[in-house]
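Hello,

Here is the structure I promised to pass on to you. Please have a look at it first, and then read my notes below.

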Amino acid sequence: MDAVNVTSEAEEFTCNAYFVDGAVPTLVDAGTMPGVVDVLTEHTDDLDRVVLTHQHHDHVGELDAVLDAFDAELYAYGDHPRRDHALAAGDEVGIGDETAEVVYTPGHASDHVSLVTETALFSGDVVVYNDGAFDDGSFGRTDMAGQSRERLIESLRELLDRLPDSVESLYAGHGDTFHADADGDSVRDVIERALARAERREPKYPEE
């Protein structure tokens, strides 16, 4: 799978929003970057759907603009006034040319899901490769209202249970994309490091 980060040139805080072309042209998260619609039109004129990992503002700030521009359908776990399809744990949803399993992964957000295909993991904020706290396997912050470190730890364990060995790419909501190297780390290694760090139950950032 080849996912394009359409918010990579953003000058304001945003999540990574990924466009995946194929039989089902899909955007995973919308981000907050003004002009994301213009970037998307460079890749497609027929966006079928937007699939949300969760609804924190940095993931949905430009959602209405994208839905309006492409008349796309919205898939989300949590309630949303424009939701066309409610996601639930264990559902399958088409992304590009692949099918993703929906894995419920709360802790960072109560409506958080991850999307697992045979080759890729769209992890939202539950696990990222690098984010300033850790460079090779980190986890979403859990120090704000409605968040839970213990629940996030359970989510990381569930994600490892649901992850096929064939997954080679990690597309996270923040930081860099990670691609497995035959001579180096796997996506599973990255998640296992994130889990070990979360299990220390220490503040992720000094100000926590």
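**What I found**

Strand 4 (residues 49-51) and strand 5 (residues 73-76) run parallel and are joined by three bridges. Within that pairing, V50 stands opposite L74 of strand 5. Strand 5 also pairs in the parallel sense with strand 6 (residues 85-86), over two bridges, and there A86 of strand 6 is the bridge partner of A76. A word on terms: helices (H or I, at least four residues) and strands (E, at least two) are DSSP runs, numbered from the N terminus, and two strands pair if DSSP finds at least two bridges between them.

Before going further, please note that this is a predicted model, in which local features need pLDDT of at least 70 and side-chain atom pairs count only at pLDDT 80 or more, while totals for chains, interfaces and linings use all residues. Residues are numbered from 1 along each chain as its sequence is written, and side-chain values use heavy atoms, with hydrogens and water left out.

The strands above belong to an open sheet of six strands with mixed pairing, in the order 1-2-3-4-5-6. Strand 1 (3-5) and strand 6 are at its edges with a single partner strand each, so one side of each has no neighbour in the sheet. Strand 1 runs antiparallel to strand 2 (residues 18-20), and three bridges join the two; N5 stands opposite Y18 of strand 2.

You may like the salt bridges (a side-chain nitrogen of Lys or Arg within 4 Å of a carboxyl oxygen of Asp or Glu). A search of the whole structure finds 14 of these salt bridges. In one salt bridge, the side chains of R82 and D68 meet at 2.8 Å, N to O. R82 is in the loop between strand 5 and strand 6 and D68 is in helix 3 (residues 63-70), so this pair ties together parts 14 residues apart in sequence.

There is another sheet to look at. This open sheet of six strands has the order 7-8-9-10-13-14, again with mixed pairing. Its edges are strand 7 (92-95) and strand 14 (178-179), each with a single partner strand, so one side of each is left without a neighbour in the sheet. Strand 9 (residues 113-116) and strand 10 (residues 120-124) pair in the antiparallel sense over two bridges, with L121 of strand 10 as the bridge partner of V116.

Helix 5 (residues 187-199) packs on this sheet, touching strand 10, strand 13 (169-172) and strand 14; contact here means heavy atoms within 4.5 Å.

Finally, helix 4 and helix 5 pack with their axes 10 Å apart, at an angle of about 160°. Axes are lines fitted to C-alpha atoms, for helices over the stretch in contact, and angles run from 0 to 180 degrees between N-to-C directions. The residues of the contact between helix 4 and helix 5 are R149, L152, I153, L156, R157, L159 and L160 on helix 4, and R188, I191, E192, A194, L195, A198 and E199 on helix 5.

Best wishes
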